[in-house]
Amino acid sequence: MPARGSAITERGRTVEERGPGPVEVTLKVNGSEQTMEIEPRVSLLDALRERLYMTGAKKGCDQGTCGACTVWVDGQRVLACLTLAMTCEGREITTIEGLADKGELHDMQQAFIAEDAFQCGYCTPGQIMSAVALLKEGHAGDDDEIKEWMSGNICRCAAYPHIRAAIRAVRDHHADHDADQNADQQADHHTVRPDSEQADRAE
């Protein structure tokens, strides 16, 4: 049975004390809720890999310095090895397994393949999760900015030039797509359409 204790107050709200034994935790991962019993000290990374068998996020340093375990919590990059699983209850967790849409690879995954942006592949899931977040955050203006905001993800095979090329490719593709959409919208806006009176006269 999950271990539960007395209620405590934290920042003006009541929180039920749980532990130190195994507790029931429900995590929403890639849109699906998963319930398990784990000790409060279990990291999100261990919960994903050892309890849910989602092994995309990798255990590298297990100290928060390599970025191989990068996932998203509520759309924000987090290091799963430094995040307690139970703190993620009620939040949306996204892993590399949830990035593809109906079996179709995400643009960034396709770009990593096209640009040969990996060698051994161990760091690749974390690199891709950070790269997608990087673009959403608006930190891909140039190579220097990409280097800075990807610096938390280490590639021991030194595929950094190819990783940056993949990020640039997706960035530029999205920019071209947005430009085309804007051009279409402006064209529609400036198209002269007869009003009902003009249409009646034309008849």
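**Cysteine environment and overall architecture**

With a relative accessibility of 10%, C66 counts as buried. The structure is a predicted model, and a search of the whole of it finds zero disulfides. For C66, the closest cysteine sulfur is that of C61, at a distance of 3.8 Å, which is too far for a bond. The cut-off applied to a pair of cysteine sulfur atoms is 2.5 Å, so the separation of 3.8 Å between the sulfurs of C66 and C61 does not qualify.

A second cysteine, C123, is likewise in no disulfide. The cysteine sulfur nearest to that of C123 belongs to C155 and lies 4.0 Å away. Because a disulfide requires sulfur atoms within 2.5 Å, C123 and C155 are not counted as a bonded pair. C123 is buried, its relative accessible area being 14%. Both values, 10% for C66 and 14% for C123, fall under the 20% limit that defines a buried residue.

The chain contains seven strands and six helices. Read from the N terminus, the order of elements is β-β-β-β-α-β-β-β-α-α-α-α-α. Four strands thus precede the first helix in this order, three strands follow that helix, and a run of five helices ends the series.

The chain has 203 residues, of which 35% count as buried. Its accessible surface amounts to about 12,300 Å², and carbon and sulfur atoms account for 47% of that area. Of the contacts between residues at least 6 apart in sequence, 49% join residues at least 24 apart.

How values were computed: Residues numbered from 1 in each chain as written. Predicted model: local features only at pLDDT ≥ 70, side-chain atom pairs only at ≥ 80, totals over all residues. Heavy atoms only, no water. Helix = DSSP H or I, 4+ residues; strand = E, 2+ residues; numbered from the N terminus. Buried < 20%, exposed > 50% of the residue type's maximum accessible area, 1.4 Å probe, protein only. Contact = heavy atoms within 4.5 Å. Areas by Shrake-Rupley, 256 points an atom, 1.4 Å probe, with all protein chains shown as cover.
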